Amino acid sequence: MASLTIRKLDESVKTYLRLRSARNRRSVEEEVRVILGELIEGREEPLTPFAAPPATSTAPTPQRTGAVSEASITLIIGGGIAAYKSLDLIRRLKERRIEVRCVLTKAAQQFVTPLAASALSHERVYTDLFDPQSEFDAGHIRLARECDMIVVAPATADLMAKMANGHADDLASAILLATNRKILLAPAMNPLMWNNAATRRNVAQLQRDGVVLIGPNSGEMAEAGEAGVGRMSEAVEIANAAERLLRPPVPRPLAGKRVLITAGPTHEPIDPVRFIANRSSGKQGFAIAAAAQAAGAEVILVSGPVDLADPAGVTVRHVESARQMLEQVQAALPADIAIFAAAVADWRVANEGEQKLKKTSAGMPPLQLVENPDILATISKLTDKRPPLVIGFAAETEHLIDNAKSKLARKGCDWIVANDVSPATGVMGGDRNTVHLISRQNGAKDGEIEVDSWPVMTKEQVAIELVARVATRVTDTSREPSS
Ligand code: C5P
């Protein structure tokens with residue numbers, strides 16, 4: 001088989017892999033394996049900003065029927081009085097859109113029936129390692145692997161002892177030995193059994209092996225008059241623990257930060273029905289707002305007139321003109337980060353007509369233009385409420401890098417995201433963007449200017465990458481802001 005050296009791949013491919021693997025919390029190599037698997041299965045994973053990572057990262061999850069389920073668990077029910085709570089656990093897991101396939105040990109069947117487990121899980125229940133029907137295709141291996149996780153509830157002292165020592169003489173222990181999935185145990189036993197030196201040794205061994213335990217809780221035992229640590233956790237507690245293991249919390253590197261963003265064009269009125277505008281769609285600014293929100297920030301988006309839905313969870317202030325945009329930006333301060341992605345009209349009409357201008361024989365109406373306030377420069381030069389990180393955009397049709405570098409100095413911001421908007425690039429109004437991030441090294445005012453050129457990406461990918469850089473910068477306290 002050929003081997004692949006990631007280092008030798010194209011920059012654009014490497015960036016894509018870096019973004020995707022970071023988002024999915026896999027190594028780049030693992031991500032390549034997943035992509036190849038997806039290609040073979042004929043499906044490709046969409047790149048969504050800071051989406052929840054998949055349920056497991058160890059191997060491709062098998063295709064399942066029942067499209068609404070998002071994950072699947074093999075639930076091993078051990079033999080103890082707490083087994084009755086496992087029937088409730090099936091329901092709690094299914095409420096969380098988790099598919100459940102039950103395995104009942106021989107002892108478990110003394111407490112609950114396969115019929116009850118099957119009725120609640122809507123699946124066949126497995127009980128026998130030597131069942132010819134399920135073992136003709138190595139059923140215990142499938143039960144061990146065709147799931148995202150294994151939950152053992154109740155986990156009896158005997159089952160844990162078998163696990164700790166690698167026994168595989170019945171279906172449950174064979175599955176536990178054959179799996180490469182996460183295992184969650186909900187122990188349940190008499191307090192004396194729980195505290196017995198043998199059980200202590202087994203628990204310690206299982207924890208070293210990476211098995212996760214929930215409980216046991218303390219309380220009354222089934223045995224009359226006995227109490228102590230040994231009660232199985234409640235079904236809801238086990239279901240919550242399983243869900244946390246299946247769906248670890250999404251990283252929120254901008255939690256607690258307030259991000260102010262401008263987006264879209266501005267409309268500068270000529271008269272009550274006409275205006276000066278530009279071709280900005282607002283897509284890039286909206287994508288940045290969504291990515292910052294997904295990264296945990298409180299986001300205020302000041303948008304000119306666009307044809308886009310407000311991003312979920314973002315406070316949006318809709319404006320028309322540059323002056324209104326400045327007003328809303330000032331009202332939104334203070335902020336930790338300000339990103340000015342709007343294509344603000346440089347000029348407005350000074351002599352705006354109160355009524356619709358009429359065609360006359362005197363020729364065209366003289367329109368006097370005056371300069372609009374520069375929002376980016378105004379905010380960058382604030383002394384009191386200047387956000388610690390101010391980012392501008394430079395949309396240019398020629399001399400991109402040089403113009404962007406001089407804009408960085410002129411406007412007094414910290415970073416400039418420069419993009420070529422010549423008509424041939426299709427950036428204006430399109431879905432893709434090629435950008436160069438221009439920044440002062442170490443954030444110092446007179447520091448050397450760094451130019452980082454990114455490959456062609458979708459506007460969403462640019463947004464994710466920019467937000468990732470912002471998160472690194474604002475959490476890196478060794479860097480001083482430029483003012
Ligand atoms: O000068 P230019 O329009 O090329 O500068 C672009 C950058 O400045 C963008 O970040 C844009 O949002 C911002 N800008 C602004 N107010 C203006 C003009 C531009 O905030 N009046």
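Start where helix 3 meets helix 11: the crossing of these two helices is right-handed. This is a predicted model.

**Stop 1: helix 3 and helix 11**

Select residues 83-95 for helix 3 and residues 235-246 for helix 11. Their axes come within 8 Å and cross at roughly 45°. An angle between 35 and 65 degrees counts as oblique, and helix 3 and helix 11 are therefore oblique to each other.

Now show side chains. On helix 3, pick Lys85, Asp88, Leu89, Arg92 and Leu93. They meet Ala235, Val236, Ile238, Ala239 and Ala242 of helix 11. Seven residues of this contact are nonpolar, three are charged and none is polar.

**Stop 2: helix 3 and helix 4**

Keep helix 3 and add residues 114-121, which are helix 4. The axes lie 9 Å apart, at an angle of about 15°. Helix 3 and helix 4 are therefore roughly parallel to each other. This crossing, too, is right-handed.

Leu87, Ile90 and Arg91 are the helix 3 residues to select here. Opposite them, helix 4 brings Ala116, Ala117, Leu120 and Ser121. Five residues of this contact are nonpolar, one is polar and one is charged.

Next, follow the chain into the loop between helix 3 and strand 2, and stop at Arg97. Arg97 is not a glycine, yet its phi is positive, at about 60°.

**Stop 3: the five-stranded sheet**

In what order do the five strands of the open sheet run? The order is 2-1-3-4-5, with parallel pairing. Color residues 98-104 (strand 2) and residues 212-213 (strand 5). These are the edge strands, and each pairs on one side only.

Zoom in on strand 5 and its neighbor strand 4, residues 182-187. The two run parallel and are joined by two bridges. Select Leu184 to find Val212 of strand 5 opposite.

Then move to strand 3, residues 149-155, and pick Pro154. A cis peptide bond joins Pro154 to Ala153, with omega about -10°.

**Stop 4: the eight-stranded sheet**

Go on to a second open sheet, built of eight strands in the order 12-11-8-13-16-17-19-20. Its pairing is mixed. Strand 12 (315-318) and strand 20 (449-453) are at the edges with a single partner strand each, so one side of each has no neighbor in the sheet. From one strand to the next, the twist averages 15°.

Select strand 16 together with strand 17, residues 415-420. Six bridges join this parallel pair. Within the pair, Gly392 stands opposite Ile416 of strand 17.

Add helix 13, residues 322-332, which packs on this sheet. Helix 13 touches strand 8 (258-263), strand 11 (298-303) and strand 12. Its direction makes about 165° with that of strand 11.

Now select residues 400-411 for helix 15. Helix 15 lies across strand 16, strand 17, strand 19 (435-440) and strand 20. It runs at about 145° to strand 16.

Before leaving, look at the loop between helix 13 and strand 13 (337-340), where Pro334 lies. The peptide bond joining Leu333 and Pro334 is cis, with omega about 5°.

**Stop 5: the ligand**

Select the ligand and the 14 residues around it. Which of them come nearest? They are Phe340, Val344, Ile375, Leu376 and Gly392. Gly392 is the residue already seen opposite Ile416.

Helix 14 (375-380) and strand 16 (389-396) each supply at least two residues of the shell. Strand 16 gives the most, with three. By type, the shell has eight nonpolar, three polar and three charged residues.

**Stop 6: helix 12 and helix 16**

Finish with residues 283-294 (helix 12) and residues 459-475 (helix 16). Their axes come within 8 Å and cross at roughly 50°. That makes helix 12 oblique to helix 16. The crossing is right-handed.

On helix 12, show Lys283, Gln284, Ala287, Ile288, Ala290, Ala291 and Ala292. On helix 16, their partners are Lys459, Glu460, Val462, Ala463, Ile464, Leu466 and Val467. The residues of this contact divide into 10 nonpolar, one polar and three charged.

Key:
Residues are numbered from 1 along each chain as its sequence is written. This is a predicted model: local features need pLDDT of at least 70, side-chain atom pairs count only at pLDDT 80 or more; totals for chains, interfaces and linings use all residues. Axes are lines fitted to C-alpha atoms, for helices over the stretch in contact, and angles run from 0 to 180 degrees between N-to-C directions. Helices (H or I, at least four residues) and strands (E, at least two) are DSSP runs, numbered from the N terminus. Angles under 35 degrees count as roughly parallel, over 145 as roughly antiparallel, 65 to 115 as roughly perpendicular and the rest as oblique. A crossing is left-handed if the near helix is turned anticlockwise from the far one by less than a right angle, and right-handed if clockwise. Two residues are in contact if their C-beta atoms, placed from the backbone, lie within 7 Å. Ala, Val, Leu, Ile, Met, Phe, Trp, Tyr, Cys and Pro count as nonpolar, Asp, Glu, Lys and Arg as charged, and the others, Gly among them, as polar. Two strands pair if DSSP finds at least two bridges between them. A residue is near a molecule or strand if its C-beta atom, placed from the backbone, lies within 6 Å of it.
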